[in-house]
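Let's take a look at the empty space in this structure, going through one pocket and one cavity in turn.

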Amino acid sequence: MALPVSPGLYLGVAAILYGIGLYTVATKRNLIKIVIGVEILVNAVHLNLIALSAYRWALQWMQEVYTLLYNFGYTDPATLTLYGGLLVSTVQYNPLFVDPLAHSIVMTSIVLASCVTAVALAFVVALYRHYGTLDVQKMRRLKW
Amino acid sequence: MLSDITLLYPIILPIFFAILVLGVGTLFERIMNGKLQLAREIVAVIGLAVTSLHVFLIYWQLRYLQILSDWFAMAFGVFIPATLYYEYMPAGYWLTFAYQVFVNGQNWLLYRAVMPPAGSVFAVDFLSILMAAAFTGLGLIVCIYSIRYMEHDTGKTKYYALLLILVAAMNGVAFAGDLFTLFVFFEIMGISAYTLVGFRKEQWEPVEAGFKYLVMGAVGSSMVLYAISLIYGLTGTLNFAYLGTLIGTMIVHIGAFLSQMNPWALFLAFLVLYGSQVFYIIIALLIIGFGVKAAIVPVHTWLPDAHPAAPSGISAMLSGVVIKTGVYSMARALFVVFPITGVWPWLVRLDTPPYNLPQMFPTGFPGYSYPFNWNYALVLFGVITLIVSNVMALLQQDIKRLLAYSSILNIGFIMLGLSVGTAAGVSAAFFHLINHAIAKGLLFLGAGVYLHFTGSRMISDLSGIGRKTPITSMSFAIGTLALMGIPPLNGFWSKALIVLSAIWYAPFVPEGCVWVTVATITVLASAFSAAFYLRLVYVIWFSPESDRVKAISKKESLVMALPIAVLALACVVFGIYPSPIYSMANRAAEALLHYANYFTGII
């Protein structure tokens with residue numbers, strides 16, 4: 001069985017993408033670019049979720065910690081009764097198993113993000129009708 | 001009763017009535033040529049009234065569950081492990097229910113389509129139902145008020161449909177039993193709120209404020225989703241119940257293990273230090289992400305623009321309940337997933353888990369029960385919020401902008417109450433949350449009446465309007481005094497309880513001086529806020545009439561004055577007799593802090 005590659009690459013790329021998204025939202029003057037920045041932010045998080053669904057290193061780490069605690073005599077019966085079933089059900093780690101929960105989350109979140117983008121673009125159209133420009137600097141009548 | 005679809009009616013019914021409003025509106029606009037007077041308004045009001053009724057029914061269901069389980073616990077004080085639950089499952093519905101109520105001490109209700117941790121879960125406890133009652137009740141009042149206030153607007157079909165969807169989404173946030181369900185309803189709430197802020201799109205101000213709100217809200221939501229993804233990566237589940245067991249107990253076990261001091265303990269200490277950085281990132285993302293919607297100070301800038309720009313009914317909804325949804329989500333995520341610190345937890349938190357404390361500290365582990373101390377971050381944000389909003393509110397000339405800064409101020413009080421983290425502090429925070437929803441809803445609806453009469457939001461144009469609109473202005477004065485904290489009114493009790501809870505907590509922690517400072521700053525901020533509240537009362541009642549006020553010839557509309565008067569009556573009644581709301585807030589705080597009760601049932 002192949003050992004799972006570290007998810008660090010994907011998590012790092014997601015973090016960099018998130019940074020690019022924040023930079024875009026904070027500095028760009030064009031309204032459309034701000035909306036694109038919001039999309040980049042959301043999609044960076046989606047990448048993070050998908051990477052974590054395939055490489056659940058933390059679960060393996062937790063399982064090791066619990067095993068370690070058990071071996072070193074931390075075998076309180078009340079605790080084991082309470083949390084034993086939990087460990088069996090959730091902390092089973094199989095490197096070839098990709099968790100479908102994250103995928104359903106990402107699909108739902110894509111739909112929500114597209115709704116937000118649609119509303120944002122509607123606002124952009126309305127702003128363009130009022131100001132005749134897409135430049136944020138020229139429409140700062142509110143105290144931003 | 002258990003796993004019953006009727007539990008979801010507070011979410012389903014408003015959506016159903018929103019569809020009905022859209023249908024009736026189409027009939028009204030296209031086919032009947034405007035002959036069905038008030039059809040959409042009546043459908044929307046009926047929808048929210050039916051939803052309020054259902055929220056009330058679910059509250060009484062929960063109350064009876066609690067009474068039953070209390071009686072059983074008094075009669076037979078036994079503890080049966082939660083794993084036995086599975087052995088009762090095949091025996092049938094009623095036996096499961098009886099087990100849940102009598103043995104497990106269930107005082108919450110649950111709806112789930114799939115077994116956790118894979119599925120989406122709705123769990124209703126006293127906190128959820130308290131929030132849902134506030135959301136639906138204020139929604140109903142705003143809907144009645146909007147009949148007259150919005151009468152000259154076009155596109156009212158969409159207005160009422162969006163208002164109903166807003167209420168449904170907020171109820172969904174309150175009822176969510178896992179982080180992702182919460183996030184989905186949070187986004188739906190956000191989308192309808194952005195659209196309602198930009199409702200009058202023919203003016204420049206609502207469109208610009210709405211876009212600003214949307215960009216800030218979307219960035220905040222992406223931060224929340226980032227935090228959710230990291231929590232998912234750490235634990236493999238998003239269910240509140242599982243998360244409450246996983247992270248909290250993992251830390252406690254590791255802490256107890258570390259106290260044994262051996263080489264493996266040093267290795268584990270390294271792992272804990274390495275892992276805790278992730279927890280800090282997650283907590284920061286949660287606080288800032290939910291804080292954007294809750295309008296805590298560094299990320300509050302959308303609020304003073306969005307509130308004046310929105311129609312007044314929507315300002316009341318935003319200020320009264322939508323920003324409270326951010327506070328609720330923050331409290332739920334942080335308190336359940338990351339239980340906070342406390343030295344001598346057996347003294348400070350007698351009412352909270354872990355109940356099996358003697359076994360958890362077999363070697364006399366002397367330190368903290370949990371290493372999470374995000375409540376000090378909340379203290380920091382709360383204090384900054386109090387100072388900045390107090391100063392900014394003094395500078396405003398626009399009445400709705402002043403009220404918006406006053407909302408930020410009260411979010412600061414609520415955050416400080418939550419940051420105390422004891423049952424007293426959290427219940428005081430939720431008590432203040434409800435009181436502020438009542439009073440600030442009143443003030444924004446009153447400001448809407450003034451805007452309706454004078455066409456101006458400038459405070460100088462409103463001077464002396466009290467004699468022209470007596471019912472509204474009397475109620476407005478009552479709401480102002482309630483938020484100021486004048487004793488016979490409801491705001492006094494909640495502010496006093498927040499201050500007292502900080503003082504009560506101080507002797508139990510080494511950082512006691514922090515909590516004394518918090519109490520002092522709360523009192524001072526409350527005193528300073530009298531400056532701008534009293535200015536409003538003075539201008540409206542005791543100043544000479546301005547030209548715009550002299551020009552008013554209309555009489556006060558009863559449809560608009562009545563909801564305001566009802567809210568003012570609530571301020572007075574809950575001020576004189578606060579125990580119903582306070583006991584509800586107390587039960588809500590217990591539900592939030594007693595997550596053991598929560599997780600033994602859902603798992």
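## Helices around the pocket

This is a predicted model, and we can start with the second largest pocket. Five helices of chain B, namely α2 (39-75), α5 (126-149), α17 (423-454), α22 (558-576) and α23 (579-593), each put at least two residues into its lining. The largest share belongs to α5(B), with nine residues.

## Size and character of the pocket

The second largest pocket holds about 660 Å³ of space. It is lined by 25 residues, and if you want to find the centre, go to A133(B), A134(B), G137(B), L138(B) and I581(B), which are the closest to it.

What does the lining offer by class, in nonpolar, polar and charged residues? There are 22 nonpolar residues and three polar ones, with no charged residue in the lining.

## A cavity with both chains in its lining

Now for the closed spaces. Searching the whole structure turns up three cavities of 30 Å³ or more. The second largest cavity has a volume of about 90 Å³.

Which helices supply at least two residues each to the lining of the second largest cavity? From chain A they are α2 (31-54) and α5 (100-131), and from chain B α7 (179-197) and α8 (204-235). Here α5(A) gives the largest share, five residues.

In total 14 residues line this cavity, and V42(A), A113(A), V116(A), E187(B) and A218(B) lie nearest its centre. Sorted by class, the lining has eight nonpolar, four polar and two charged residues.

Conventions
Residues are numbered from 1 along each chain as its sequence is written. Chains are lettered from A and ligands numbered from 1 in the order in which they are written. This is a predicted model: local features need pLDDT of at least 70, side-chain atom pairs count only at pLDDT 80 or more; totals for chains, interfaces and linings use all residues. Side-chain values use heavy atoms; hydrogens and water are left out. On a 1 Å grid over the protein atoms alone, a cavity is a set of points where a 1.4 Å probe fits but cannot get out, and a pocket is an open set with protein on both sides within 12 Å along at least five of seven lines; lining residues have an atom within 4 Å of a point. Grid points are joined across faces, edges and corners, and a volume is the space filled by probe spheres set on the points. Helices (H or I, at least four residues) and strands (E, at least two) are DSSP runs, numbered from the N terminus. Ala, Val, Leu, Ile, Met, Phe, Trp, Tyr, Cys and Pro count as nonpolar, Asp, Glu, Lys and Arg as charged, and the others, Gly among them, as polar.
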